[in-house]
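Biologist: Please take a close look at a single part of this model, one strand and its surroundings, and go through it residue by residue. After that, I should be grateful for a short account of the ligand shell and the annotated positions.

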Amino acid sequence: MYRHNKIRKGSSSGSPGARAGRRSSLALTPEDEPLVDVANRSPPPANIPNAMLYSPPEPLELLCVFPERASRVCAAACAAVARAGGEARSVRSARDTLEALRRDSDTKQPHVIVVDARQPQTLDAFLLARAVRGTKNTQHIILIAVVKKSVYLKDDFAVLPYLDAGYNRIMVETLSATAWCAEVLQSRAAASAARAQIAAVAALAAAADRCRDLIAVTDEQQKILLANKSWSKVLGWRVEEGPKQLSDTAGGEALRLATSGARDWEAPITLRRRTTPDPVLVPCRGAAIGLTKSTSHVVFVCEPIHALETERGRGSLHSIRRGSLDVRSVASDGLRRTSLAKLQGLPLEAPITKVISLLSTATEGAPPSTVAYIERAVDMLRTSELYSPQMRDDPKMRVEDPIATDLIGALLSREQVNTNLYFMQGPTNTLSSRRSSNDSTVVRSQTNRSNIKHKTTGQLRELLDTALSWDFEIFKLEELTRGRPLAHLGLALMAGRFDICSALECDERTLLHWLTIVETNYHAVNTYHNSTHAADVLQAVAYFLEKDRLKTVLEPLEAAAALLAAAAHDVDHPGTSSAFLCNARHPLAVLYNDVSVLESHHAALTFKLTLNDDRVNIFKNLERDTYKQVRHNVIDMILATEMTKHFEHLAKFVNVFYAKSSGSKEDNMHTDQEPLALDTTALSLPENVVLVKRMMIKCADVSNASRPQKFAFEWARRIAEEYFLQTDEEKAKDLPVVMPMFDRATCSIPRSQIGFIDYIIMDMMEAWAGFIDMPELVNHARQNHARWHELDDAGVTTLADVRRAQRHLALPAPTTTNPPTTGTTTTTTTEE
Ligand SMILES: Nc1ncnc2c1ncn2[C@@H]1O[C@@H]2COP(=O)(O)O[C@H]2[C@H]1O
């Protein structure tokens, strides 16, 4: 019966007579039932138990800030603290005070800071108070300003500027230990109470963050002061955007009631999400909170949207409500009574299921030809491999060139060539037969030494000054650093330009150790996947991070994670592909079940190397949650470099950030179909920022094809050489040949590059270039494409031909062998 379908029946708390039973203006049920339940109650519904606001007394910690070395007032204050069983420290400047707060941030934070405000010429007490209040976690510290009696008695309002600056109390200078003892004890009590209250609020905010309900707390003017994670995630509200009016994202009866003077209500609320134009109507419970008669905070608790949406289409608020209740029951007893029948009955629905159901509805009454199309589309949507690439049916789009087919197939396919099973012979504890002496995964001893110094010659310094240009001379860096470019470039960019040491709270020495150990674990014998490639990808990521779009979207820690991921993304790469390792039944392929073998190894080894040794551990000072977040970011970005997922990442990025438009092609991504217009509104959702980070490292990883020609050519030569070596090895070991066309005797390098640019580079760089506003990415790719075509027409095929062609470019003669690899770094010196 609809009669019983109010969002909430009589509230369990509060006297029945207090209910206002307001009629809703919403008419969502046939009988136009009132959907609103209001209670005008006092006191407010939330009571915080006293135990939560209580914190046991701790020994008093006092910090005195007195510029004068032997201040008698300071001595009196310290003596009083000693008598009260506490501990006092003194510093002489504002700088030392802030340093002490930063250093002691968690452990020995003072309860009370006493500041000598009598000598403005030596200590600006107002500035210091503001700086203390601007420091994290200092709200509970009691600040006392010591003033001269004459200042105190100047006028009735003499204390106001001190209070405005952040002081809690003003004290007239005194040498009386008794007066000081009373003052510090009172202050400690106030500080403990404040600390307990702030901790209680933090605990409640953490609890709210773990709720599936969407929770927002506003002030009386409905400015959002706090929103839990579900709210932010679903509605696209980011704390960093600053306070927002609730009415920007919500409307409906709940908002009206919030301003009507009701203390407690239940009513529908309309929520607008950034990603979808349609508002969604959900049940909401609200309460006005205030310790006195006036309201200080208003709380809105809305039921989770995802469970409601599916029912919404059926048009009744009743069904919305039922859906959400089901989710609760699933959460509470679903695990106890799991059965197939129950699973099928779950009211959970993925977006794809909704899409299929919408399409199926669209077939009703549609002409047979449309029905046939829709059914084909639905069949495709039903597979779980939505983003697995398939060569297009369109003959125009078919990859005609066998070399390109080989390359693209090998890069994108998740299948290994498995026709000719190979049994590993001999010991299997190394990554590849082409390993150098320095490529074991063990932490090198030279990095365990202390006092590592970083030497840069004048030439090297000059080169590193250009580290943020797109035509950065990466091969020159390789030469000047004798094959150790990563540590030098890493330090210059990570510490010098991006100051990631601040974000990670580590020192430069640890960062240098980290870079060194990561670089040592790249294989210098690889022609392509060595530390020069890592440095190149790092340089590209750094370049991208300087773009305005990314500066505004990414937090410093995210930028730091991106730089670290770039530096480590191919660590310990064996110079052969994952498919090779699978075919060879390599231990890593066994370990990772043939799935994302190399990328999983790069990510896992990055953390193994980092955590193994405190001197390398750039994360050691991070809080547990921050570390988890950085770790997650680094792993996600490294895994995103896997080429078998290329189209998945690209398609998601384009779907989210490019909307079909009928407008002009200008400023759009250029395709030969309908223009796609950049739409960055989706950036407000954290899950979409993840797509940006993945795309950033992916583009950096293959950016060599979008670099100026002389660099692109050298990289093409290097990757071809590595492919050829893999083919040689496969043949020598009677393994299946993953890319048979990549045979040094027959392969056309220009054609492989044309295929690579056509099928991998162009679409991706267009999407990324539009997003970060960097047209040169596309321009260089086009110019390189044209040049490879010219060379192909001129009959250039082999490495030797390419080398000859390269001589016309201003590039240092290509290295035929690799830089020396000794296992020790030549660009760092170690001192015992
Ligand atoms: N210029 C290029 N030509 C052909 N393949 C490339 C080129 N640059 C990168 N790749 C491939 O793209 C892959 C990206 O991921 P990996 O670094 O694991 O391995 C890379 C190479 O296999």
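Modeller: In this predicted model, Val 112, Val 114 and Asp 116 point one way from strand 4, while Ile 113 and Val 115 point the other way. In a regular strand, side chains alternate between the two faces of the sheet. All of these residues of strand 4 are buried, a term that requires 20 or more other C-beta atoms within 10 Å of the residue's own, whereas 12 or fewer make a residue exposed and counts in between make it partly exposed, with C-beta atoms placed from the backbone. Because five of the five residues of strand 4 (residues 112–116) are buried, the strand is largely enclosed by the rest of the structure.

Two conventions apply throughout. Residues are numbered from 1 along each chain as its sequence is written. Local features of this predicted model need pLDDT of at least 70 and side-chain atom pairs count only at pLDDT 80 or more, while totals for chains, interfaces and linings use all residues. Strands (E, at least two residues) and helices (H or I, at least four) are DSSP runs, numbered from the N terminus.

The neighbours of strand 4 come next. Strand 2 runs parallel to strand 4 and is joined to it by four bridges; two strands count as paired if DSSP finds at least two bridges between them. One such contact has Val 112 in strand 4 as the bridge partner of Leu 62. Strand 4 also pairs in the parallel sense with strand 5 (residues 142–147), here over five bridges. In that pairing, Val 115 stands opposite Ala 145 of strand 5. Between strand 4 and strand 5 the chain passes through helix 3 (residues 125–133), making a right-handed β-α-β crossover. Right-handed here signifies that, with the strands pointing away from the viewer, the path from the first strand over the helix to the second runs clockwise.

Beyond strand 2 lies a further pairing. Strand 2 (residues 61–65) and strand 3 (residues 87–91) are parallel and share five bridges. The bridge partner of Glu 61 in strand 3 is Glu 87, and that of Leu 63 is Arg 89. From strand 2 the chain reaches strand 3 through helix 1 (residues 72–83), and this β-α-β crossover is also a right-handed one.

Taken together, these strands belong to an open sheet of five strands with parallel pairing and the order 3-2-4-5-6. Strand 3 and strand 6 (169–172) each have a single partner strand at the edges, so one side of each is left without a neighbour in the sheet. From one strand to the next, the twist averages 25 degrees, where axes are lines fitted to C-alpha atoms, for helices over the stretch in contact, and angles run from 0 to 180 degrees between N-to-C directions.

I turn now to the ligand. Its surroundings comprise 15 residues, of which Val 702, Ala 705, Ala 716, Ile 719 and Phe 756 come nearest; a residue is near a molecule or strand if its C-beta atom, placed from the backbone, lies within 6 Å of it. By class, the shell has nine nonpolar, four polar and two charged residues. Here Ala, Val, Leu, Ile, Met, Phe, Trp, Tyr, Cys and Pro count as nonpolar, Asp, Glu, Lys and Arg as charged, and the others, Gly among them, as polar. Helix 14 (402–412), helix 29 (709–732) and helix 30 (749–772) each contribute at least two residues to the shell.

The annotated positions follow. In the unreviewed UniProt entry, the annotation "binding site" covers His 533, His 569, Asp 570 and Asp 701. These positions cluster in space although they are spread over 169 residues of sequence, the largest C-alpha distance being 9.9 Å. UniProt positions are given in the numbering used here, with shortened feature names, and annotations may be inferred rather than shown by experiment. His 569 lies in the loop between helix 22 (556–568) and helix 23 (578–583), and it counts as buried because it has 26 C-beta neighbours inside 10 Å. The same unreviewed entry type carries the feature "active site", which UniProt places at His 529. His 529 is found in the loop between helix 19 (508–520) and helix 20 (531–545), and with 23 C-beta neighbours inside 10 Å it counts as buried.
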